[in-house]
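Trainee: I'm new to this one, and I'd like to learn how to read its packed helices and ring pairs. Could you walk me through it?
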Amino acid sequence: MSFGFGSRELLLLQLLYSPDAAVASCSMSEAAKKMGVSTTVVSRVAASLVEKGFLDVRRDGKRKVIGFTNAPHAIALLQLAADNQLVLFENVLSVSAVRVLSGMLHPPASVEAISRITRTPEITVRRTLAKLLEKGVVARLKPTEYRIILPRLQDFIEEYSKSVLRNKIAGLRGVFNPWWPNAVFRTSEQQKEFMTPTGISIF
């Protein structure tokens, strides 16, 4: 399961979201028609977003209806969209953008720090940051430091990161906490150092 969204996933999310709709949902066939693809393709794209916890699929008579879940990261995505209606998802939620943005959750967010945290080549980080700067998604604080400025975006990245980590630690024995960007094992709150890194990461 990739961290971030493919182009068709973004298209389906954008299609489902409507600020005027009481319920952000539509049928598989409606989605296929609007996206210009087959229902088989929509089903495959929806399945990926279901696995990531953003969408669910339910039966409505003979129709399969796709809609957003009530998961915290899905709600955070809808809030992000509601506060930035003129911003296309593809400008901020591509795989490379989400990866770089996740490396900016804890300052200082320099190219070197983002590259190290996200395991992304510095040249890719620089190119992605240049696009995000152009779109007004991030700002340069200092010559070497950046910050997320798009409203609600940091909240969404944080919730999405927590969701990915929760999925990765599900079923493991012990008490694990999502502690971005890694999962940690909780030993004892009485100890000075009670969070032990596990090596489980969102990446």
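Mentor: Sure, and let's start with a word we'll need: a contact means heavy atoms within 4.5 Å. With that in hand, look at helices H6 and H9: Val98, Leu101 and Ser102 in H6 meet Leu153, Ile157, Tyr160 and Ser161 in H9. Sorted by class, the residues of that contact are 5 nonpolar, 2 polar and no charged. Keep in mind that this is a predicted model.

Trainee: Since it's predicted, what is the average pLDDT of the protein?

Mentor: The average is 83, and 80% of the residues score at least 70. Watch residues 190-194, though: the pLDDT there is below 50, and the stretch has 6 contacts in the model beyond near neighbours in sequence.

Trainee: Back to helices, then. At what angle do H6 and H9 pack?

Mentor: In general, two packed helices are described by the angle between their axes and the distance between the axes. Here H6 (residues 95-102) and H9 pack at about 95°, with their axes 10 Å apart. That angle makes H6 roughly perpendicular to H9.

Trainee: And how far apart are the axes of H4 and H9?

Mentor: Those axes are 8 Å apart, and helix H4 (residues 72-83) packs against H9 at an angle of about 160°. Angles over 145 degrees count as roughly antiparallel, so H4 is roughly antiparallel to H9. The crossing of these two is left-handed.

Trainee: Which residues in H4 and H9 meet?

Mentor: On the H4 side you'll find Pro72, His73, Ala76, Leu77 and Leu80, and they meet Leu153, Asp155, Phe156, Glu159, Tyr160 and Ser163 in H9. By class, that contact divides into 7 nonpolar, 2 polar and 2 charged residues.

Trainee: What about H1 and H2: is their crossing left-handed or right-handed?

Mentor: H1 passes H2 in a right-handed crossing. The axes of H1 (residues 7-16) and H2 (residues 28-35) come within 11 Å and cross at roughly 115°, which makes H1 roughly perpendicular to H2. Arg8, Leu11, Leu12 and Leu15 of H1 make the contact with Ala31, Lys34 and Met35 of H2. That contact has 5 nonpolar, no polar and 2 charged residues.

Trainee: Now the rings. How many aromatic pairs are there?

Mentor: A pair of aromatic rings is described by the distance of the centres and the angle of the planes. The count here comes to 5 aromatic pairs. Take Phe54 and Phe156: their ring centres are 6.1 Å apart and their planes lie at 45°, so the pair is tilted.

Trainee: Why does that pair tie together parts that are 102 residues apart in sequence?

Mentor: Because Phe54 lies in the loop between helix H3 (39-51) and strand E2 (55-60), while Phe156 lies in helix H9 (residues 153-169).

Technical notes. Residues are numbered from 1 along each chain as its sequence is written. This is a predicted model: local features need pLDDT of at least 70, side-chain atom pairs count only at pLDDT 80 or more; totals for chains, interfaces and linings use all residues. Side-chain values use heavy atoms; hydrogens and water are left out. pLDDT is the predictor's confidence in each residue, from 0 to 100. Axes are lines fitted to C-alpha atoms, for helices over the stretch in contact, and angles run from 0 to 180 degrees between N-to-C directions. Helices (H or I, at least four residues) and strands (E, at least two) are DSSP runs, numbered from the N terminus. Angles under 35 degrees count as roughly parallel, over 145 as roughly antiparallel, 65 to 115 as roughly perpendicular and the rest as oblique. A crossing is left-handed if the near helix is turned anticlockwise from the far one by less than a right angle, and right-handed if clockwise. Ala, Val, Leu, Ile, Met, Phe, Trp, Tyr, Cys and Pro count as nonpolar, Asp, Glu, Lys and Arg as charged, and the others, Gly among them, as polar. Rings of Phe, Tyr and Trp (its six-membered ring) pair if their centres lie within 6.5 Å; planes under 30 degrees apart count as stacked, over 60 as edge-to-face and the rest as tilted.
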